[in-house]
Amino acid sequence: MAFEKVDKIWMNGQFVNWDDAKIHVLSHVVHYGSSLFEGVRCYNTKKGTAVFRLAEHTKRLFDSCKIYKMKIPYTPEQLNQAQLELIRINKMDSCYIRPLVYRGYNALGVDPSSCPIDVAIAIWRWGKYLGADALDKGVDVCVSSWNRMASNTFPAMAKAGANYMNSQLIKLEAIQNGYVEGIALDHNGMVSEGSGENIFVYFEGCLLTPPYNASILPGITRKTVITLAREMGMDVWERNIPREMLYIADEVFLTGSAAEITPIRSIDRIQIGEGMAGPITRKLQQAFFDVIENGNDKHGWLTFV
């Protein structure tokens, strides 16, 4: 999806022009993938422009950096305020927000210790990640031949740029084979997640989602769905899911800041349920969109710009 440029990007405490937001080709991040990032949505709700779960996204960014021994030279509140001010400066009523922490230019080598920790925040308009009709009609996906990384290799709980090389393989394979998305298994052969989304399965009256030890990212939309589902009285379990359960589930859907709540209509050409968004998925979508579209937020998830 091509960028629609905005006026300013925030870099190391300064607002710079979009076309001037550049780094050196010998920056550590370019050669060794040493970046941590977030994906945040800002919505034009009926009660005003608001960022969804801003504090939780920023906390996850700091947690990711802590795992990789990268000390962010700003406080969480400073980064929160920078995101809000960037939205105001660019006069956006809705957008996608990309905070990025990376090791910059000074020296090359696997040891990153002497490289500065740089921070940037960009925003742009981004539509429905998996297609305009995806939230209603669902998407066709496959189980990828690429597994998620094993425990004690790459830390899956960190939202690291390097982890998304694995995601790219999953996504490219899926697209080349005629699917919209791929679902990865973990190193034990259990369901993990999509290339950029968490996954939920509705099976025999229970809503299931893989646990953290299945090499998943601790998704914030995932956490939101768990909260909404439990408030509706659903049985929600974080547990290992065998691949074959995907095929016989009543409903399967993906969640993420970009994907929101996207139903899956087929997996490996096998129809799931009625081949469209099922009643449980729709119920959760309705509750989710009541927050982000209508601004009906009893949880304090919205930060108004």
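How many of the six residues of strand 11 are buried? Six of the six are, so strand 11 is largely enclosed by the rest of the structure; buried means under 20% relative accessible area, exposed over 50% and partly exposed in between, with a 1.4 Å probe and protein chains only. The model on display is predicted: local features need pLDDT of at least 70, side-chain atom pairs count only at pLDDT 80 or more, and totals for chains, interfaces and linings use all residues. Residues are numbered from 1 along each chain as its sequence is written, and side-chain values use heavy atoms, with hydrogens and water left out.

**Stop 1: strand 11 and its partners**

Select residues 198-203, which form strand 11. Helices (H or I, at least four residues) and strands (E, at least two) are DSSP runs, numbered from the N terminus. Asn198, Phe200 and Tyr202 point one way from the strand, while Ile199, Val201 and Phe203 point the other way, and all are buried.

Next, add strand 14 (residues 251-256), which pairs with strand 11 in the antiparallel sense over five bridges; two strands pair if DSSP finds at least two bridges between them. Ile199 stands opposite Leu254 of strand 14.

Strand 12 (206-209) also pairs with strand 11 in the antiparallel sense, over three bridges. Here the bridge partner of Val201 is Leu208. Strands 11 and 12 form a hairpin with two residues between the strands, where Glu204 takes a positive phi near 50°. Most residues other than glycine have a negative phi. Glu204 is exposed, with a relative accessible area of 65%.

**Stop 2: strand 9**

Select residues 181-185. Five of the five residues of strand 9 are buried, so this strand too is largely enclosed by the rest of the structure. Both of its faces are covered: Glu181, Ile183 and Leu185 lie on one side, Gly182 and Ala184 on the other.

Show strand 8 (residues 139-143), which runs parallel to strand 9 and is joined to it by three bridges. Val141 has Glu181 of strand 9 as its bridge partner. With helix 5 (residues 164-176) added, strand 8, the helix and strand 9 make a right-handed β-α-β unit. A crossover is right-handed if, with the strands pointing away from the viewer, the path from the first strand over the helix to the second runs clockwise.

Then select strand 10 (residues 191-194), which pairs with strand 9 in the antiparallel sense over three bridges. Ala184 has Glu193 of strand 10 as its bridge partner. The two strands form a hairpin with five residues between them, and Gly189 in the turn has a positive phi of about 85°.

**Stop 3: helix 8**

Select residues 279-292, the span of helix 8. This helix has 14 residues and reaches 20 Å from its first C-alpha to its last, close to the expected 20 Å; the expected span is 1.5 Å times one less than the number of residues. Ile280, Thr281, Leu284, Gln285, Phe288, Phe289, Val291 and Ile292 of helix 8 are buried. They cover an arc of only 155° around the axis, which puts them on the same side of helix 8; the arc is that of the directions from the helix axis to the C-beta atoms. The face turned away from this buried side carries the exposed residues Pro279 and Gln286.

**Stop 4: aromatic contacts**

A search of the whole structure finds nine aromatic pairs. Rings of Phe, Tyr and Trp (its six-membered ring) pair if their centres lie within 6.5 Å; planes under 30 degrees apart count as stacked, over 60 as edge-to-face and the rest as tilted. Select Phe52 and Trp301: their ring centres are 5.9 Å apart and their planes at 80°, so the pair is edge-to-face. Phe52 lies in strand 5 (residues 48-52) and Trp301 in the loop between helix 8 and strand 17 (302-304), so the pair ties together parts that are 249 residues apart in sequence. Phe52 is buried at 4% relative accessibility, and Trp301 is buried with a relative accessible area of 4%. Add Phe288 and Phe289, which form one aromatic cluster with Phe52 and Trp301.

**Stop 5: an exposed loop residue**

Finally, select Lys91 in the loop between helix 3 (76-89) and strand 6 (95-103). Lys91 has a positive phi of about 55° although it is not a glycine, and at 72% relative accessibility Lys91 counts as exposed.
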